[in-house]
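Thanks for coming, everyone. I'll put the structure up and then walk through its empty spaces, its ligands and a few odd backbone spots.

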Amino acid sequence: MTETQRGSPHASASPALPPEGAHPALGRPGGGVGIRLLQVSAEIFPLLKTGGLADIAGALPAALAEADCDVRVLLPGFPAICAGLQDAVPVGQFTLPWGESVQVLAGVLPAVPGASGAPVRAYVLHAPALYDRPGNPYEDSARRPYGDNHRRFAALAWGAVRLARDLDADWSPQVVHGHDWHAGLVAACLKLTAGKRVPCVFTVHNLAYQGIFSADQFGDLGLPPAAFQIDGLEFHGQISFMKAGLFYADKITTVSPTYAREIQTPEQGFGLDGLLRTRRGDLSGILNAVDSGVWNPASDALIPRHYTAGHLGGKARCKAALQEEAGLVASKDAPLFTVVSRLTEQKGLTLVLAGIDTIVQGGGQLLVLGSGDHELETAFGHAAQLHPGRVALRIGYDEQFAHRIFAGSDITLVPSRFEPCGLTQMYGLLYGSLPLVRAVGGLADTVTDADLATLDDATATGIVFASFSEADYRHAVRRALALYRQPRAWARVRQTGMQQDFSWAQAAQHYRAVYLAALPDFSRTTT
Ligand code: ADP
Ligand code: GLC
């Protein structure tokens with residue numbers, strides 16, 4: 001894939017990669033005296049995952065270690081995180097603005113790789129009253145957001161601030177990197193309260209989820225009244241954790257170059273496009289990458305047969321096994337379309353529902369793995385009943401099944417309304433399942449449409465359609481079916497897709513450049 005097709009990771013006015021040896025405080029790049037970095041997130045693969053955020057939070061520490069960063073992670077003490085923490089020792093405790101006390105534990109997460117494959121070092125907020133609950137990190141088992149989420153994630157921010165301000169006598173970060181609204185308050189707390197200033201980088205994984213709370217909860221946050229204004233975290237009379245991150249962070253990143261541009265427009269800005277435009281000099285789009293230790297058909301322990309771009313025999317076996325497992329008709333010639341997704345408005349699945357006839361009439365099959373929106377679950381359930389052996393649905397979240405699906409699938413459907421980056425189209429590419437995507441966000445940056453020119457020069461990697469309409473989507477499905485009927489062209493596109501380089505090295509260098517740009521004095525030392 002060429003740079004133009006992927007888009008430049010710095011398409012939106014981000015700092016250039018630093019010159020070698022640029023920052024006097026850090027010692028020699030490549031010499032192991034890295035940037036001390038605290039990563040703050042609510043999820044981390046493989047311990048706790050509701051979506052792509054976890055995959056990225058789980059892969060970044062090792063990738064950044066390769067880019068000379070000394071990374072530690074800070075996580076809320078959810079049950080799954082506490083269960084994954086080893087060698088835990090208390091490093092201190094602090095009191096939250098509403099009087100509750102939190103203990104900070106330091107240990108390692110053996111399931112999450114850090115530097116040179118050693119377990120990542122972690123701080124975990126031990127606050128059972130806040131975090132020890134069933135359900136996912138944000139909602140109860142009836143899918144209602146917890147009523148005290150503002151406190152649960154303000155606590156995370158204050159934990160980061162305390163660590164930045166030397167709670168652990170042995171280690172403190174030079175930069176704090178927060179992910180999504182859950183970590184949105186970190187920069188506000190660091191900037192607006194007395195104590196050591198540590199720069200903060202804030203990454204937007206999805207602007208649609210903003211952490212909005214009512215104004216009467218502001219008193220719990222421990223911030224000065226001045227924060228609750230338009231030049232602050234106030235958003236239409238409410239509190240927005242996302243806006244806090246965007247307003248107060250020293251640098252902002254998001255997860256693809258195209259999304260970095262899109263969120264500056266009213267159509268995709270979720271009311272924050274104006275702020276993002278004023279901050280465009282500090283905003284960059286860094287394309288997500290793929291953890292090849294987890295997603296690689298040549299070594300994936302979760303799939304029935306291994307295969308590579310050069311030896312695809314195993315893929316046919318994976319397809320046959322998947323058809324059998326999903327209750328689909330055993331047919332090596334039926335193109336198998338698959339969806340692995342949260343079932344939400346964002347993912348454009350109404351198009352998939354509308355296009356089922358096109359797939360079935362074209363001799364294809366559809367398998368959906370997902371959970372979420374009740375209406376979507378029901379509608380896919382009806383479709384499966386209507387087309388037994390041709391359409392199958394598995395409701396739920398099943399990490400292992402997801403691997404078997406990518407391995408057995410021919411086409412990965414991602415027709416999103418918006419998509420900050422998207423990981424499943426990249427997994428599809430690497431597993432030889434051609435992505436069929438809408439040209440939006442990171443989907444536009446990672447898939448090259450198969451047309452006469454790209455088929456001719458062998459740069460095509462999938463099917464891309466433009467407008468969010470049933471007609472355009474159906475046409476894209478018909479193009480996929482037609483391509484499938486041309487085995488040589490299909491094989492070539494698949495080959496190119498499987499050879500895409502989605503490794504973390506480049507993205508990690510770009511994050512490093514952002515951290516350096518956020519560090520005090522950096523601009524002085526480089527200009
Ligand atoms: P998002 O973060 O918006 O959900 P991404 O494509 O970035 O979308 O990441 C989704 C991640 O979650 C991928 O790792 C995907 O395989 C996984 N995933 C989504 N739904 C399911 C599911 N029902 N079962 C297993 N894995 C899922
Ligand atoms: C969000 C986005 C998705 C992105 C993921 C990881 O959940 O919806 O597009 O890939 O975060 O950055």
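Let me start with what I mean by a pocket: on a 1 Å grid over the protein atoms alone, a pocket is an open set of points with protein on both sides within 12 Å along at least five of seven lines, whereas a cavity is a set where a 1.4 Å probe fits but cannot get out, and lining residues have an atom within 4 Å of a point. Grid points are joined across faces, edges and corners, and a volume is the space filled by probe spheres set on the points.

Before the numbers, some housekeeping. This is a predicted model, with local features needing pLDDT of at least 70, side-chain atom pairs counting only at pLDDT 80 or more, and totals for chains, interfaces and linings using all residues. Residues are numbered from 1 along each chain as its sequence is written, chains are lettered from A and ligands numbered from 1 in the order in which they are written, and side-chain values use heavy atoms, with hydrogens and water left out.

So, the second largest pocket: about 380 Å³ of space lies in there. It has 18 lining residues, and K319, K332, D410, Y484 and R494 are the closest to its centre. Helix 10 (313–326) and helix 19 (487–498) each put in at least two lining residues, with helix 10 giving the largest share, five residues. When I say helix, I mean a DSSP run of H or I with at least four residues, and a strand is a run of E with at least two, numbered from the N terminus. By class, this lining splits into eight nonpolar, four polar and six charged residues. For those classes, Ala, Val, Leu, Ile, Met, Phe, Trp, Tyr, Cys and Pro are nonpolar, Asp, Glu, Lys and Arg are charged, and the others, Gly among them, are polar.

On to the ligands. Which residues come closest to ligand 1? Out of 21 around it, those are K49, G52, D55, R342 and K347, where being near takes a heavy atom within 4 Å. For polar contacts I take pairs of N or O atoms within 3.5 Å; within protein, one must be able to donate a hydrogen and the other to accept it, and residues adjacent in sequence count only if both atoms are side-chain atoms. K49 has a polar side-chain atom 2.7 Å from an oxygen atom of ligand 1, and D55 also places a polar side-chain atom 2.7 Å from an oxygen of that ligand. G396 joins in through its backbone, with an N or O atom 2.8 Å from a nitrogen atom of ligand 1. On its own, ligand 1 has 560 Å² of accessible area, and the protein covers 94% of that. Those areas come from the Shrake-Rupley method with a 1.4 Å probe, and for residues only the protein chains shown count as cover. Strand 13 gives the largest share of the shell, three residues. In that shell you'll find six nonpolar, eight polar and seven charged residues.

Ligand 2 has 14 residues around it, and H205, N288, E419, C421 and G422 come nearest. A side-chain N or O atom of H205 sits 2.6 Å from an oxygen atom of ligand 2, while for E419 a polar side-chain atom is 2.5 Å from a ligand oxygen. Here the protein covers 93% of the ligand's 310 Å² of accessible area. Helix 2 (residues 52–66) supplies the largest share of this shell, three residues.

Now the closed space. The whole structure has one cavity of 30 Å³ or more, and the largest cavity has a volume of about 70 Å³. Its lining includes F45, D55, A59, W295 and W504; D55 is the residue we just met at ligand 1. By class, the lining has 10 nonpolar, no polar and two charged residues.

Is W504 buried or exposed? It counts as buried because its relative accessibility is 8%, given that buried means under 20%, exposed over 50%, and partly exposed in between (1.4 Å probe, protein chains only). W504 is in the loop between helix 19 and helix 20 (505–518).

Last, the backbone. Most residues other than glycine have a negative phi, and most peptide bonds are trans. The F45 to P46 bond is cis, with omega near 0°, and P46 lies in the loop between strand 1 (35–40) and helix 2. R143 has a positive phi, near 65°, and at 46% relative accessibility it counts as partly exposed. H236 has a positive phi too, near 50°, and counts as exposed at 68%.
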